[in-house]
Amino acid sequence: MIKNYMFLLLFFVGYGSYGQSVKEKLALAIQQMETDPQLRHAIIGFYVADSKTDTLIYEHNAQVGLAPASTQKLFTSCAAFDLLGKNYRYTTEIVYKNFNPGPSRSYFIIKPSGDPTFGSPRFDSTKATTILKNIITAVKEKKITPVSSQYIVFDSAYENNTVPGGWIWEDIGNYYGASAQNLNWLENKYDIVLKSGKKPGDKVAVVKTKPAGLSDGMRVNVKSAEKGSGDKTCVFLNYGSVPALIEGTIPVDEDTFAVGASMPDPQDVFLEQLSNNMKAEKITMFYGFDSHPPLLTLPDSLFDFIELYKHVSPPLDSINYWFLKKSINLYGEALIKTMAFEKTGFSSTGKGVELVKDFWEENGIEKSALNICDGSGLSPQNRVTADALVKALQYAKTRSWFGSFYYALPEYNGMKMKSGSIGGARAYAGYHTAKDGNEYSFAIIINNYDGESAAIVKKMYQILDNLK
């Protein structure tokens, strides 16, 4: 008799759990999450919608603006697809002008377009070796013999301040803090190759940089740490008379440990590499450089030039693939400036941000729900709502470019979603189809959690598992 009662009790408990709706499961999961000591002083923003019907399934603090980190890239991505088009391409041109016959002053005039893939290793056509080889080939084919030549880079349509407002000093010296400029090269990133000691606490030395020569004068305050401790370094750019600095730790027994850093002057690196390649091909020339402001200040005779080389970038949908898949901040900052240039004639972060906010206001997202100051989400000053993220996801589903957008989303926890991570903030936003065929669009943001981010990520996955 007792066994029968126990069976009935277990049956009803199991049936109650099984019979819970997705909304009830999510509500219980969030309630439990908020009692977790790691979230004692944190806030959770969460929104889940039925992807097919665009109806609310569950929400919690969905109208509260929170730091979204890289999930903010979804707003930039969608706006770029609509405002620029999936087939949009950047063009970088190089022309040549020799003012007088014979060995006299001549100019290589570079007309950049803010292409973030120029020199990028992610596409065969954009690799640095390919571009430099193509330029050298063009010089030979045109039979140009520049004995005394200077480079001019036009930047009249670009703002002088390349770093978005709100970016912090600890970020902008590292590879993920590379700013978008009129001429980008190698994704504005270089590697600092380090050699550690045999035991924790030993000094670490700089072996070299790739490209070479970018660590000259850099202060090194890096120590060796336990094996398997990973990269815990931070790179700080030079400031006034204070030289650049790299500090932190790397594991012991490393001979060629590479740390990514941002390249503050990518156009200088490009021009130096181009000059070195010309010299290697016995094309002797004087190396000079000038970043020239408005075109109208140049003499009319300068426009009688020889077209030397034109580089065309991959299309936007290919650029967006890497932007979302690998969360490349540089691409987001370039895209937001490009949208500004194409729509207003001037490339600046501020104009791009306003353009994106206007775009989303026209498509159902209040400006007050999109308090942003960059195109990538790197600034800790950004604030967006979980509701706004889901609205962007739902908007994307209605567009002809949705296939490219969806394909670019990474996969975490068996779900197609964009992740976001900055100090004290974790976020995910994306899509999932459950075993029963129901389709969901969701966004979850947690700010000001305590402890290790890995533990928060695991708990966020557990909440999202209720959509499976």
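## Exercises on helix packing and aromatic pairs

Lys-73, Leu-74, Thr-76, Ser-77, Ala-80, Phe-81 and Leu-84 of helix H3 are in contact with Leu-316, Asp-317, Asn-320, Phe-323 and Leu-324 of helix H7. The model is predicted.

**Exercise 1.** Work out how H3 and H7 are oriented, parallel or antiparallel, and sort their contact residues by class.

*Solution.*
- Step 1. Locate the helices: H3 covers residues 73-84 and H7 covers residues 316-325.
- Step 2. Take the geometry. The axes lie 11 Å apart, at an angle of about 180 degrees.
- Step 3. Apply the cut-off: angles over 145 degrees count as roughly antiparallel. H3 is therefore roughly antiparallel to H7.
- Step 4. Sort the contact by class: 7 nonpolar, 3 polar and 2 charged residues.

**Exercise 2.** Classify the ring pairs Trp-401 with Phe-405 and Tyr-428 with Tyr-461.

*Solution.*
- Step 1. Choose the descriptors. A pair of aromatic rings is described by the distance of the centres and the angle of the planes.
- Step 2. Set the scope: the structure holds 22 aromatic pairs.
- Step 3. Take Trp-401 and Phe-405. Their centres are 6.0 Å apart and their planes are at 70 degrees. Over 60 degrees counts as edge-to-face, and this pair is edge-to-face.
- Step 4. Check burial: Trp-401 and Phe-405 are both buried.
- Step 5. Take Tyr-428 and Tyr-461. Their centres are 5.5 Å apart with the planes at 50 degrees, so the pair is tilted.
- Step 6. Place these two rings. Tyr-428 belongs to strand E18 (residues 425-433) and Tyr-461 to helix H12 (residues 453-464), so the pair ties together parts that are 33 residues apart in sequence.
- Step 7. Check burial again: Tyr-428 and Tyr-461 are both buried.

**Exercise 3.** Which residues do ring pairs link into a cluster with Phe-81, and which lysine lies over the face of Tyr-406?

*Solution.*
- Step 1. Follow the ring pairs. They join Phe-81 to Trp-401, Phe-402, Phe-405, Tyr-406 and Tyr-431 in a cluster.
- Step 2. Recall that Phe-81 is also one of the H3 residues that meet H7.
- Step 3. Look over Tyr-406. Lys-416 lies over its face, 5.2 Å from the ring centre.
- Step 4. Turn to Tyr-407. The charged end of Lys-325 sits over this ring, 5.8 Å from its centre.

**Exercise 4.** Is Ser-400 buried or exposed, and where does it lie?

*Solution.*
- Step 1. Read the accessibility. The cut-off for exposed is over 50%; Ser-400 has 76% relative accessibility, so it counts as exposed.
- Step 2. Place it: Ser-400 is in the loop between helix H10 (386-396) and helix H11 (402-408).
- Step 3. Relate it to Phe-81. The C-alpha atoms of Ser-400 and Phe-81 are 9.6 Å apart, with their positions 319 residues apart along the chain.

How values were computed: Residues are numbered from 1 along each chain as its sequence is written. This is a predicted model: local features need pLDDT of at least 70, side-chain atom pairs count only at pLDDT 80 or more; totals for chains, interfaces and linings use all residues. Side-chain values use heavy atoms; hydrogens and water are left out. Rings of Phe, Tyr and Trp (its six-membered ring) pair if their centres lie within 6.5 Å; planes under 30 degrees apart count as stacked, over 60 as edge-to-face and the rest as tilted. Buried means under 20% relative accessible area, exposed over 50%, partly exposed in between (1.4 Å probe, protein chains only). Helices (H or I, at least four residues) and strands (E, at least two) are DSSP runs, numbered from the N terminus. A charge sits over a ring if NZ of Lys or CZ of Arg is within 6 Å of the ring centre and within 35 degrees of the ring normal. Axes are lines fitted to C-alpha atoms, for helices over the stretch in contact, and angles run from 0 to 180 degrees between N-to-C directions. Angles under 35 degrees count as roughly parallel, over 145 as roughly antiparallel, 65 to 115 as roughly perpendicular and the rest as oblique. Contact means heavy atoms within 4.5 Å. Ala, Val, Leu, Ile, Met, Phe, Trp, Tyr, Cys and Pro count as nonpolar, Asp, Glu, Lys and Arg as charged, and the others, Gly among them, as polar.
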